[in-house]
Amino acid sequence: MPGEINRLKLRLTVQKGSLSGQQLELEEGTLSFGRSPESSFRFDHRFDSGVSTNHASVEFTPQGFQLTDKKSTNGTYVNGNTITQVLLKPGDVIRLGRQGPEILVDIELPPPSEAITTPGESFTTLSDGNKITNTITGIGFYNPEKKEEKPSTYLGLTIGLGVAGFIALILTIIMFSQLGFKGTIIGGIMAFLPAPFYLLLYLWIDRYDPEPSWALAAAFGWGALFSLLVSFVVNTFFGSVAAALIGGPEGDVLSAVISAPLIEEGTKGLGVLMFLIFLRREFDGVTDGLVYAGIVALGFATGENVLYYGRTFVQEGASGLLVIGFMRGILSPFAHSLFTSMTGIGCGIARETHNPTLKIIMPVVGYAGAVFLHALWNGIAHAAGPMFLVAYFIIWVPLFAIFVAVILYTARRERRIVKEMLAFEVSNGTLNADELEMIGSLIARARWIAASMSDKERLQARRRYLRAVTKLGFCYWHVARANAANNQTISLPQIPKFKAEIAALKLRI
């Protein structure tokens, strides 16, 4: 019987905590858990504050693998029950503290060829005889060199492109029917030609933690296609009903002040909310809320401008086109972005907070702010008439200035968060001080990227490296906020993923 016991192998996998994804294997000797530098599983005190310095240990005995609590402050639990000492079984879940890290237990008979290591795997033998397996795939079960095949992703992309193409076809038919061929072409050129320049503002905001290009394209498409089509149909119906009930001019005012703000901000805001819900690994906070809201709004404004420019050209010719081009393209290109940014800020706060009430309320509060600003803009435009420019400089110029100030503040805040959260990785050896300074400087990042322009592979690796280290910083930030609120976050299991990616990219940058 003792001979059989000696052939057992214990495998422990951290499922929750700052070391999520890491594995240790034990055949003899002892493994220890805690915050002490000597611990086999050394947890980070910033994120696992409930773990004691010397919390618990697992020891091989003739009876099996025995877990012992080392008089920890918050206790050691197995399958939800507090323990002092217990023999472990396959499938047991160890928890260090009431809300602390969780470790899955697996016990198996090792195959005869176990001593042969596989590519990408390294073994370190400790002084007490423990064998630690630390592989790239073991750290978070992620290998940055492996291309994951996701058929569902391609299916979703195909469906999305199909729906977008169908909506674009409907909008094209509507525009041609209302504006004619010449009006549609002129309106399209006037609307889409400056759009890339407006987009540069949001790319600048997004410089430290760039969102995926496909997500930004989807945000623009959502605004230019779905939001525009739904708003056009509903506003047209509402305007027709209002005109029939109270008259044409009054109906137009009601449509502009009530229907347009509610429906347009609703459809645009729905797009931002969907990014918050379904793209949480990319959507980090208020800055990303501003980016997604701004690009959705830019897409909507671009599509809407095709109608405005084309209709004005058909009705008033080139002179009228110049006037409305100045009003919409120079004075107010970011009006829709200003409105929808309220929803973006609300969604960003919902992403950052761990207060369940605020998570629900803030997107609604943001939407209410967007509707108010939109209604105020349309109401002043109808009421002021020739005095619109006076109202513009009194009311809207200060509001746009505040909008720009908020953007600048969030960009600097994002830079500060990244540097503060990654400072730990300097002492940890993942980064050095020069790399941390470079990561926090827009100019230094640009120079570093530019220096590799002649080497395509290195250029791509450096871009991926900057994105990975920035995402790692935000993961640490989300985990710190979650721990402060005694909560959990999906960013925790992403930490070992990005650390593994950084380690792999270090060899190629």
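What follows is a look at model confidence, one sheet and one helix in this chain.

The structure is a predicted model, so confidence is a sensible place to begin. Across the chain the average pLDDT is 83, and 89% of the residues score at least 70. Scores vary from element to element: helix H7, residues 335–352, has the highest mean pLDDT at 94, while strand S13, residues 131–135, sits at the bottom with 33. Two stretches fall below a pLDDT of 50. One covers residues 1–6, which make just five contacts in the model beyond near neighbours in sequence. The other runs over residues 110–149, and there the model has 69 contacts beyond near neighbours in sequence.

Turning to the strands, five of them form an open sheet, and reading across gives the order S4-S3-S5-S6-S9. The pairing in this sheet is mixed. At the edges are strand S4 (41–42) and strand S9 (85–87), each of which pairs on one side only. Strand S9 is held alongside S6 (residues 64–69) by three bridges, with the two strands running antiparallel. Within that pair, Thr68 stands opposite Gln85 of S9. In general, strands of a sheet pair through backbone hydrogen bonds, in either a parallel or an antiparallel fashion.

Then there is helix H12, residues 456–484. With 29 residues at 1.5 Å apiece, H12 should span 42 Å, and because its end C-alpha atoms lie 43 Å apart, the model agrees with that expectation. The N-terminal end of H12 is capped by Asp455, which places a side-chain oxygen 3.2 Å from the backbone nitrogen of Glu457.

Notes: Residues numbered from 1 in each chain as written. Predicted model: local features only at pLDDT ≥ 70, side-chain atom pairs only at ≥ 80, totals over all residues. Heavy atoms only, no water. pLDDT = per-residue confidence, 0-100. Helix = DSSP H or I, 4+ residues; strand = E, 2+ residues; numbered from the N terminus. Contact = heavy atoms within 4.5 Å. Pairing = 2+ DSSP bridges. Expected span 1.5 Å × (residues − 1). Polar contact = N/O pair within 3.5 Å; in protein donor to acceptor, adjacent residues only side chain to side chain.
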